[in-house]
Amino acid sequence: MKTPMNVFNTAMKKKKKNRKGFSLVELIVVLVIMAILAAALIPSLTGYIRKTKEQNVNGECQSAVQAAQTIESGAFASADGNYTFTSGGTSYTIKGATDTTSSPDAKAAIKALAEVPGTIESVSIDTDGDHRITELVYTGKDGSTQCKYELTSDGVGKYTSQKKS
């Protein structure tokens, strides 16, 4: 004997066999859910991307400061006041603190030694004291983010990143 439930189950089985995909309503619901998720995630992802770029430029600036300090320490320690090294087939000779801060070759030497893709904008050195790097300004490869290193009065370096104006 056929009960109403058996008839319903038989009809549903036949309907399922004829059905070969998703309905338009189901597809629209999925697309709306995906749009809501994308709208919620995009602002936070752009913030992470910006922060990561600033951290990369900050790390490159630290490498540049270390390279500048290496060059200046080498020039200060040598008998003739020169620091010479070769990088990528190019030989660099830096003649002490004045050359390190003003020479375009010195900036190229710092960039080569640090292996950074950006630009060394300026370098300042304490020539009266222990020949430490007191300030270095570095601009990232994209040209939009700048990092500034400053030696504070207590002898600790401080890095600040900002959008280049």
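Trainee: Which helix is Ile-28 found in?
Mentor: Keep in mind that we're looking at a predicted model. The helix that runs over residues 24-77 takes in Ile-28. That's helix α2.

Trainee: Is Ile-28 buried, exposed or partly exposed?
Mentor: Buried would need under 20% relative accessible area, and exposed would need over 50%. Ile-28 has 45% relative accessibility, so it counts as partly exposed.

Trainee: Which residues make the nonpolar surface patch of about 400 Å²?
Mentor: Ile-28, the residue we just placed in α2, is one of them. The full set is Leu-24, Ile-28, Val-32 and Ile-36.

Trainee: How many disulfides are there?
Mentor: Two cysteine sulfurs have to be within 2.5 Å to count. For Cys-61, the nearest cysteine sulfur belongs to Cys-147 and is 3.3 Å away. That's too far for a bond, so Cys-147 isn't paired with Cys-61. The disulfide count is zero.

Trainee: Are Cys-61 and Cys-147 buried or exposed?
Mentor: The cut-off for buried is under 20% relative accessible area. Cys-61 comes out at 0%, and Cys-147 is at 0% too. So Cys-61 is buried, and Cys-147 is buried.

Trainee: Where is Gly-81, and is it buried or exposed?
Mentor: Gly-81 sits in the loop between α2 and β1 (82-87). Its relative accessible area is 18%, and the cut-off is under 20%, so Gly-81 is buried.

Trainee: Which residues is Gly-81 in contact with, leaving aside neighbours within four places in sequence?
Mentor: One of them is Ile-94, 13 residues away along the chain, with the two C-alpha atoms 8.4 Å apart. The whole list is Ala-75, Ile-94, Lys-95 and Gly-96.

Note on methods: Residues are numbered from 1 along each chain as its sequence is written. This is a predicted model: local features need pLDDT of at least 70, side-chain atom pairs count only at pLDDT 80 or more; totals for chains, interfaces and linings use all residues. Side-chain values use heavy atoms; hydrogens and water are left out. Buried means under 20% relative accessible area, exposed over 50%, partly exposed in between (1.4 Å probe, protein chains only). Patches are made of residues with over 30% relative accessible area and no salt bridge: like charges are joined within 9 Å, nonpolar side chains (Val, Leu, Ile, Met, Phe, Trp, Tyr) within 5 Å. Accessible areas come from the Shrake-Rupley method with a 1.4 Å probe; for residues, only the protein chains shown count as cover. A salt bridge is a side-chain nitrogen of Lys or Arg within 4 Å of a carboxyl oxygen of Asp or Glu. Helices (H or I, at least four residues) and strands (E, at least two) are DSSP runs, numbered from the N terminus. Contact means heavy atoms within 4.5 Å.
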